[in-house]
Amino acid sequence: MSINKLSAGIAVLKPWAYNASDGCGWFLSKIFIPILPLFILGFSFKLHADGMLTQAVVSNGPILLLVVMTQVCYLTCYYFIAANFSIRKCFSDITKVFPAFLTGLSTVSSAACLPVLINSTEKITGSSLMARTIVPATVNIHTIGSAIGLTMLSLVTLRTFSLPLPDIYGFTLFAFFYAIAKFSVVAVPGGVILVVGPILQSLLGFTDEMLGLMTAVYMIFDPFGTAMNIGGNGAFAMIFAKMSRFMGLIEEAEVPETTEECGRNNELARTN
């Protein structure tokens, strides 16, 4: 009975999901994305004028490499599990999400990548409904790249200022409130650090100087973290689609191979 009610609810909400997705895509592609590079360029000029850009890149280069390697390893394992432990399918799925990955790297905004990621996820999952509902719902809160990068960077900043690392209880408390705060983050450049800053000050003892330096360094890390966020959102949609098919909430569908086929499937779904 519950499965039938859920299926009926999905059928009712499907047109709303499509309309909301189209509206978000129009806003992001026509208004938000064109003005976003101006914001990034202005912030880069400010960092350079303050003399922090070159110093941050040189001194934190090894940390950046460590963070990126950790994110790549985590994301590869994520896709490997989502691909049912098939190496071939794992790399095939990563290849399909790669355009969205590059968009996140260049725009530094998960929200700006939404249309590209939805299109890529449709190809992987074979379900436009899953792509158009799960991806927009998780784009702001499911940010594994930022979570890994900001956590490692906060610990490095503590050591840079010769402060002790938190104990297990303190770190667990920080992780809990950080996870809660993620639900209020907007997926725009620097959105995470703006929300998590007060938590760093109250739970890890960050000073204003520490928070300012970390913000500058984080903005350098942010393009890579955003790209990893995009990849993680695609993998999460894959796993969620598999669970939905297993529970009978959506039907099995053949994964389209081209963008044209995706478009035709979307039009058919709208008319049903």
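Which residues are buried in α3? Keep that one in mind while you get your bearings; the tour comes to it shortly.

**The whole chain**

Start with everything shown as cartoon. You are looking at a predicted model, and the cartoon has eleven helices and zero strands. Walk along the sequence and the pattern reads α-α-α-α-α-α-α-α-α-α-α. Colour by burial and 42% of the 272 residues count as buried. Switch on contacts with a separation of 6 or more, and 76% of them join residues 24 or more positions apart. Put a surface on and the accessible area is about 14,300 Å², with 71% of that belonging to carbon and sulfur atoms.

**Stop 1: helix α3**

Select residues 61-82, which make up helix α3. Its 22 residues should span 32 Å at 1.5 Å a residue, and the end C-alpha atoms are indeed 32 Å apart, so the expected span and the model agree.

Now for the opening question. Show side chains for I63, V67, V68, Q71, L75, Y78, Y79 and A82: these are the buried residues of α3. Look down the axis and they cover an arc of only 125°, which means that they sit on the same side of α3. Turn to the face pointing away from that buried side and pick out P62 and L65, both exposed.

What lies over the buried residues of α3? Among the elements covering them are α4, α7 and α10. To bring these up, select 144-160 for α7 and 208-246 for α10; α4 is residues 87-107.

**Stop 2: the loop after α3**

Step just past the end of α3 and click on N84. This residue is in the loop between α3 and α4. Check its backbone: phi is positive, about 60°, although N84 is not a glycine. That deserves a pause, because most residues other than glycine have a negative phi. Is N84 buried or exposed? With a relative accessible area of 53%, N84 is exposed, since the cut-off for that is over 50%.

**Stop 3: helix α4**

Carry on into α4 and show K89 and D93. Their side chains meet in a salt bridge, 3.0 Å from N to O. The two residues are four apart in helix α4, so about one helical turn separates them. The partners have unlike surroundings: K89 is partly exposed at 31% relative accessible area, whereas D93 is buried at 2%.

Further along α4, select L102. Its relative accessibility is 41%, so L102 counts as partly exposed. Add F98, L105 and F224, and with L102 you have a nonpolar patch on the surface, with about 320 Å² of accessible area together. Which helix gives the largest share of the patch? Helix α4 does, with three residues.

**Stop 4: between α5 and α6**

The structure holds two salt bridges, and one of them joins K89 and D93. For another, show R132 and E122, whose side chains meet at 3.3 Å, N to O. R132 is in helix α6 (residues 128-138) and E122 is in helix α5 (residues 114-125), so this pair ties together parts that are ten residues apart in sequence. Check burial at each end of the bridge: R132 counts as buried at 11% relative accessibility, and E122 is buried too, with 5%.

**Stop 5: helix α7 and the loop beyond**

Go back to α7, one of the elements covering the buried residues of α3. Select T157, which lies in this helix. At 5% relative accessibility, T157 counts as buried. What does T157 touch, leaving aside residues up to four places away in sequence? Show F206, M210 and M214 to see those contacts.

Finish in the loop between α7 and α8 (168-181), where you will find S162. Here is another backbone to inspect: S162 has a positive phi of about 60°, although it is not a glycine. S162 is exposed, with a relative accessible area of 64%. For a last view, display S162 alongside N84, each with a phi of about 60°.

Definitions and conventions. Residues numbered from 1 in each chain as written. Predicted model: local features only at pLDDT ≥ 70, side-chain atom pairs only at ≥ 80, totals over all residues. Heavy atoms only, no water. Patch = residues over 30% accessible without salt bridge, like charges linked within 9 Å, V, L, I, M, F, W, Y side chains within 5 Å. Areas by Shrake-Rupley, 256 points an atom, 1.4 Å probe, with all protein chains shown as cover. Salt bridge = Lys/Arg side-chain N within 4 Å of Asp/Glu carboxyl O. Buried < 20%, exposed > 50% of the residue type's maximum accessible area, 1.4 Å probe, protein only. Expected span 1.5 Å × (residues − 1). Arc of directions from axis to C-beta. Contact = heavy atoms within 4.5 Å.
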